[in-house]
Amino acid sequence: MSEDMSGSGSPAEGAGANRRDFLYIATGAMAAVGTAVALWPFIDSMNPAADVLALSSVDIDLSSVEVGQRITAMWRSRPVFIARRTRDEIARARADDNDPGLIDPATDASRVVREEWLVVVGVCTHLGCIPLGQDPAAPRGDWGGWFCPCHGSVYDTAGRVRRSPAPRNLDVPPYEFLDNGAVRIG
């Protein structure tokens, strides 16, 4: 009699190997699902709470804001400057669109949704101070925008940085105008 030396084994051994492979895969899959189920509460706890989500957007009524007036609103615990710009302020901002002296070049049109309204986060991009310029009697710098008293940064009427040490323009938050004469920030 000749012996099979190929070492392939009997068909019963092959079925055992397939069964064993299935058990390994099923056990691994159950372990992965169990781990995911156990970790989900911890992952879900990193999502913002309902009270935080409620503050993620704010509606500001603009109907009483006159041309040339600036107001401050709070959004995500930060001041937001809303300026209803005059024709002169808009013209001055547009005239400087291609100025090679802009530290963080941006056109006026890229920073506003409606040319009359400028909406920016009122936090200096240097070290987080609150610039002056919301009050008509406050210093506004050479470009008529905002002046940061901490280190001397100056912003123009489009919220662009004109004198450093601020490295970039005042941030523009996400916002949209509503049909009822309000703006929704966030």
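1. Arg160 and Asp97 are both buried in this predicted model. The two side chains form a salt bridge, with the closest N and O atoms 2.8 Å apart. Arg160 sits in the loop between β6 (154–156) and β7 (161–163), whereas Asp97 belongs to the loop between α3 and β4. The pair therefore links distant parts of the chain, 63 residues apart.

2. A second salt bridge pairs Arg162 with Asp99, at 2.7 Å from N to O. Arg162 is in strand β7 and Asp99 is in the loop between α3 and β4, again a separation of 63 residues. The two partners are not equally covered: Arg162 is buried, at a relative accessible area of 8%, while Asp99 is partly exposed, at 27%.

3. These pairs belong to one network. Salt bridges with shared partners connect Asp96, Asp97, Asp99, Asp156, Arg160 and Arg162. A search of the whole structure gives 14 salt bridges.

4. Another of the salt bridges joins Asp108 to Arg94, where the closest N and O atoms are 3.7 Å apart. Asp108 is in the loop between α3 (87–95) and β4, and Arg94 is in helix α3. They are 14 residues apart, and the pair is counted as linking distant parts of the chain. Asp108 has a relative accessible area of 0% and so is buried. Arg94, at 38%, is partly exposed. The cut-off for a salt bridge is 4 Å, so the 3.7 Å contact qualifies.

5. Which residues have the most contacts inside the largest nonpolar core? They are Ile60, Leu62, Ile82, Tyr155, Tyr175, Val183 and Ile185, in a core of 29 residues. At least two core residues come from each of β2 (70–75), β3 (78–84), β4 (117–121), β8 (175–177) and β9 (182–185). The largest contribution is that of β4, with five residues.

6. β1, β9 and β8, in that order, make an open sheet of three strands with antiparallel pairing. The edges are β1 (58–61) and β8, each of which pairs on one side only. From one strand to the next the twist averages 20°.

7. Within this sheet, β1 and β9 run antiparallel and are joined by four bridges. One residue pair ties the sheet to the core described above: Ile60 has Val183 in β9 as its bridge partner, and both names appear among the core residues with the most contacts.

8. Two residues in the loop between β2 and β3 deserve a look at the backbone: Arg76 and Ser77. Arg76 is not a glycine, yet its phi is positive, at about 55°. Ser77 also has a positive phi without being a glycine, with a value near 65°. Ser77 is exposed, its relative accessible area being 70%.

9. To restate the main points, the salt-bridge network includes Asp97 and Arg160, which are both buried. The largest nonpolar core draws at least two residues from each of several strands, including β8 and β9, and those two strands are also part of the open three-stranded sheet.

Note on methods: Residues are numbered from 1 along each chain as its sequence is written. This is a predicted model: local features need pLDDT of at least 70, side-chain atom pairs count only at pLDDT 80 or more; totals for chains, interfaces and linings use all residues. Side-chain values use heavy atoms; hydrogens and water are left out. A nonpolar core is a set of buried Ala, Val, Leu, Ile, Met, Phe, Trp, Tyr and Cys residues joined through side-chain atoms within 4.5 Å. Buried means under 20% relative accessible area, exposed over 50%, partly exposed in between (1.4 Å probe, protein chains only). Two strands pair if DSSP finds at least two bridges between them. Axes are lines fitted to C-alpha atoms, for helices over the stretch in contact, and angles run from 0 to 180 degrees between N-to-C directions.
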